[in-house]
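Dear colleague,

Please find below the structure that I am handing over to you. My notes on what was found in it follow directly after.

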Amino acid sequence: MEGLVHSRINPIHATRKQYHSRLVPAFSLFLSKNFTKTPVLFMKGHRSFNSVVASVQPLDASGLGHFDNTLPSKVILQLWRSADAVCFDVDSTVCLDEGIDELAEFCGAGKAVADWTARAMGGSVPFEEALAARLSLFKPSLPQVQEFLETRPPKISPGINELVKKLKAKNTNVYLISGGFRQMINPVASILGIPPENIFANQLLFGSSGEFVGFDVNEPTSRSGGKATAVQKIRKVHGYKALVMIGDGATDLEARKPGGADLFICYAGVQLREAVAVKADWLVFNFADLINSLE
C-alpha cells in the first residue's frame, strides 16, 4: 500500500478461473442520503467474477540486504499458530497490484496518478489528502468502475487462497483491511470466501447520474492511522486473544500497537519496503512459509 522503497517483480503468467459467489456485489444501484445533500449512489446486488491467479516468482531475500527476522522465534511462531484473527492488507499483499493505480490507468490517468504518487513519497502528506488528490486526477464514474471490474479480474497473489483456507480450517477469523476501495475488494473477498462484514475499506461515492462525487470520509481507512483504528475496533468488538496483521506497508505496521495487532508479519513477495521490513516481527517472501508453519 505504501510508496515503493525497493521492488523486483518478475513477469506474470496468468490463467483465468471462474468463480461464483453470492457474496459479491454486482452493479445495481441504490441511493444514500447520509453523506451529502446530493443523492449518492453505491453498488449492490449479486454476480460472478473472474480472477487472475498469477504465477509469480516471489522476491528472494538474498541480495536485498541483511534481515535478521526472516526466521521466526519460538514466541513469534507460537503467536502466529494461536491467532484467533488474522487481518490482511490487500494491495501488494493479497493482490499483486495497487488498485487505485490500476483504476487510474484504466481511466486514462495512470501516468498523472503515478507522477503525483512519486511526489508524495516523502510521507509528509496525510493519507486522506493523498487519496483525495489522486482521485481528483481522474474522477472515476460509476460506469467506468463497472467496466473496470468486468474486464479486469483481480490478480491474486500465489498461495493466498490456500493460506486463507488453512486459517479458516483452524477456526481463525480472516479480515481484509485496505486503504483501497470496497467496490474493488468485494470480488477479492468473494474469491477467498471472506464475508462482507469482515472487510474494512474505503467506499467510492457517485451522484444520481453516476458521476464521481468523492469517497466516504466516515470509513476509518480513509484517514491516516485508519488501519490501526480498524484493527483496534475489530479486537474490541470480538475480544480476540491473539490478532495478527499481515501487509507490506507502513500503515500495516502501524496496526501493531496496544489494543491492536499483537504481531506484524511483513509480506514482501510483491514489494519489499525495507523501512517496514526491518521493523516487522517476521518477514516473509512467500505465503508458503506461513502455510507450512501452521502444520
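Is Tyr175 buried or exposed? The model is a predicted one, and in it Tyr175 counts as buried because its relative accessibility is 2%, where under 20% is required.

**Surroundings of Tyr175**

Tyr175 belongs to strand 7. Leaving aside neighbours within four places in sequence, its contacts are Ala85, Val86, Cys87, Phe88, Asn198, Phe200, Ile234, His238 and Tyr240. Two of these partners also make side-chain polar contacts with Tyr175: the one with His238 is 3.3 Å, and the one with Tyr240 is 2.5 Å. The C-alpha atoms of Tyr175 and Val90 are 10.0 Å apart, although 85 residues separate the two in sequence.

**Overall composition**

The protein has 12 helices and 13 strands. Of its 295 residues, 53% are buried. Among contacts with a separation of 6 or more, 70% are between residues 24 or more positions apart. The exposed area is about 13,400 Å², of which carbon and sulfur atoms supply 51%.

**Nonpolar cores**

In soluble globular proteins, nonpolar side chains tend to be buried together. The largest nonpolar core here holds 37 residues, and the members touching the most others are Trp80, Phe88, Ile160, Leu163, Ile246, Ile265 and Leu290. Helix 8, residues 182-192, gives the most to this core, contributing five residues. Apart from this core lies another of 24 residues, which includes Ala85, Ala277, Leu283 and Phe285. Trp80 illustrates the packing in the largest core: beyond residues up to four places away in sequence, Trp80 touches Val86, Leu163, Leu167, Val244, Ile246, Leu263, Ile265, Trp282, Leu290, Ser293 and Leu294.

**Salt bridges**

Side chains of opposite charge can pair when their charged atoms come close. The structure holds seven salt bridges. One of them joins Lys227 to Asp89, with the closest N and O atoms 2.9 Å apart. This pair links distant parts of the chain, since Lys227 is in helix 9 (residues 226-238) and Asp89 is in the loop between strand 5 (85-88) and helix 2, 138 residues apart. Lys227 is buried, with a relative accessible area of 5%, and Asp89 is buried at 0%.

Lys227 also forms a salt bridge with Asp252, whose closest N and O atoms are 2.6 Å apart. Here again distant parts of the chain are linked: Asp252 sits in helix 10 (residues 250-253) and Lys227 in helix 9, 25 residues apart. Asp252 is buried, with a relative accessible area of 0%. Asp89, Lys227 and Asp252 are thus linked in a network of salt bridges.

Another salt bridge connects Glu98 and Arg273, where the closest N and O atoms are 3.6 Å apart. Glu98 lies in the loop between helix 2 and helix 3, and Arg273 in the loop between strand 12 (263-267) and helix 11 (274-277), so the pair ties together parts that are 175 residues apart in sequence. Both Glu98 and Arg273 are buried.

What of a buried charge without a salt bridge? Asp97, in the loop between helix 2 (90-94) and helix 3, is buried yet has no salt bridge. The nearest side chain of opposite charge is that of Lys155, 4.3 Å away; this lies outside the 4 Å limit for a salt bridge, and therefore the pair does not count as one. Beyond residues up to four places away in sequence, Asp97 touches Asp91, Ser92, Glu102 and Lys155.

**Loops and backbone**

Most residues other than glycine have a negative phi. Two residues in loops depart from this pattern. Lys139, with a positive phi near 40°, is in the loop between helix 5 (127-138) and helix 6 (142-151). Asn171, with a positive phi of about 65°, is in the loop between helix 7 (160-169) and strand 7 (173-181). Asn171 counts as exposed because its relative accessibility is 68%.

Gly108 is placed in the loop between helix 3 (99-106) and helix 4 (110-119). At 65% relative accessibility, Gly108 also counts as exposed. Gly108 and Phe138 are 30 residues apart in sequence, and their C-alpha atoms are 7.7 Å apart in space.

Yours sincerely

Definitions and conventions: Residues numbered from 1 in each chain as written. Predicted model: local features only at pLDDT ≥ 70, side-chain atom pairs only at ≥ 80, totals over all residues. Heavy atoms only, no water. Helix = DSSP H or I, 4+ residues; strand = E, 2+ residues; numbered from the N terminus. Buried < 20%, exposed > 50% of the residue type's maximum accessible area, 1.4 Å probe, protein only. Contact = heavy atoms within 4.5 Å. Polar contact = N/O pair within 3.5 Å; in protein donor to acceptor, adjacent residues only side chain to side chain. Core = buried A, V, L, I, M, F, W, Y, C linked by side-chain atoms within 4.5 Å. Areas by Shrake-Rupley, 256 points an atom, 1.4 Å probe, with all protein chains shown as cover. Lys, Arg positive; Asp, Glu negative; His and termini not counted.
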